[in-house]
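This report looks at one helix and at the pockets and core around it. Please keep the sequence and the model side by side while reading.

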Amino acid sequence: MASMPRELPEHPAHDELVRRWRDTVQAAGGRGPEADRYAHELLRRWAEPQRRYHTTDHLLAVLHRVDELAGHAGDLAAVQLAAWFHDAYYLPDRSTNEERSARLAELALPELGVDPSRTAEVARLVRLTVTHDPGPGDLDGEVLCDADLAVLASEPERYAVYAAAVREEYGFVPDDAFRAGRAAVLRQLLDLGRLFRTPYGAERWEGAARRNLRAELARLSV
């Protein structure tokens with residue numbers, strides 16, 4: 001990974017995130033004392049200036065949702081690592097972000113001493129966030145995808161902030177093209193049989209998320 005910059009972007013939860021990263025690396029069988037430079041590099045990536053929604057706040061939110069869903073996971077440490085890496089690369093004009101993020105995990109985790117099977121699982125989970133459509137019995141995939149999509153079930157005011165941040169990330173796209181592309185994404189999500197696959201997510205988030213998606217789609221169609 002690239003060397004750590006002299007000054008890290010400040011974030012109120014910086015210390016919490018570094019601690020969480022250390023704990024996760026140790027739980028995954030890696031070398032905790034050597035983990036800090038990787039935490040700093042990942043946090044630098046999550047604070048890049050082109051991001052408006054896919055920021056450190058999103059990383060922290062996904063990690064907290066993984067905490068809520070932890071009892072459903074088969075390999076919680078792998079899911080937590082995948083949360084850290086799932087948007088480590090993020091350029092809104094590229095379609096290869098998930099693949100590049102997965103490859104970053106495949107390079108970084110062996111250097112930390114994480115074993116090949118768990119490294120492969122982390123990379124698989126990162127790639128799964130392209131579709132958010134885990135297969136039957138994929139408990140870890142269900143947890144990561146539910147945690148990543150949980151923002152869709154926000155209160156309407158917070159959902160509006162989320163939608164506005166997504167639009168800002170695509171500020172280089174003309175309005176008509178953005179509206180068409182965003183509407184296609186919303187329809188794809190609504191066409192999923194279930195947005196949330198864990199029992200917790202299905203019970204608590206499904207209805208609110210679908211209401212928010214339909215409301216945004218209606219606004220785009222005006």
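## Helix 8 and its buried side

Which residues of helix 8 are buried? In this model, which is predicted rather than determined by experiment, the buried residues of helix 8 are Tyr159, Tyr162, Ala163, Ala165, Val166, Arg167 and Glu169. The list includes Arg167 and Glu169, which count as charged, alongside Ala163, Ala165 and Val166, which count as nonpolar. As a general point, an α-helix has 3.6 residues a turn, so residues three or four places apart point the same way.

Helix 8 runs over residues 156–169, and its 14 residues reach 20 Å from the first C-alpha to the last, which is close to the 20 Å expected at 1.5 Å a residue. Its buried residues pack against two other helices, namely helix 9 (175–191) and helix 11 (206–221).

## The largest pocket

The largest pocket holds about 940 Å³ of space, and 32 residues line it, with His54, Glu98, His132, Tyr170 and Val185 lying nearest its centre. Helix 5 (97–111), helix 7 (139–149), helix 8 and helix 9 are the elements that each give two or more residues to this lining. The largest share belongs to helix 9, which provides seven residues.

When the residues of this lining are sorted by character, 16 are nonpolar, 10 are polar and six are charged.

## The second largest pocket

The second largest pocket has a volume of about 260 Å³, and of the 17 residues that line it, Tyr53, His58, Ala61, Val151 and Arg158 are the closest to its centre. At least two residues of the lining come from each of helix 3 (56–68), helix 7 and helix 8, and helix 3 gives the most, with six residues.

The lining of the second largest pocket divides into nine nonpolar, three polar and five charged residues.

## The nonpolar core

In soluble globular proteins, nonpolar side chains tend to be buried together. Here the largest nonpolar core has 68 residues, and those with the most contacts inside it are Trp21, Trp84, Phe85, Val122 and Leu152. Helix 4 (residues 76–85) supplies the largest share of this core, with eight residues.

Leu152 leads back to helix 8, for when its neighbours within four places in sequence are left aside, Leu152 is in contact with Tyr159, Tyr162, Leu189, Ala208, Ala209, Asn212 and Leu213. Among these partners, Tyr159 and Tyr162 are also buried residues of helix 8.

Conventions:
Residues numbered from 1 in each chain as written. Predicted model: local features only at pLDDT ≥ 70, side-chain atom pairs only at ≥ 80, totals over all residues. Heavy atoms only, no water. Helix = DSSP H or I, 4+ residues; strand = E, 2+ residues; numbered from the N terminus. Expected span 1.5 Å × (residues − 1). Buried < 20%, exposed > 50% of the residue type's maximum accessible area, 1.4 Å probe, protein only. Contact = heavy atoms within 4.5 Å. 1 Å grid on protein atoms, 1.4 Å probe; cavity = no way out; pocket = protein on both sides within 12 Å on 5 of 7 lines; lining within 4 Å. Points joined across faces, edges and corners; volume = space filled by probe spheres on them. Core = buried A, V, L, I, M, F, W, Y, C linked by side-chain atoms within 4.5 Å.
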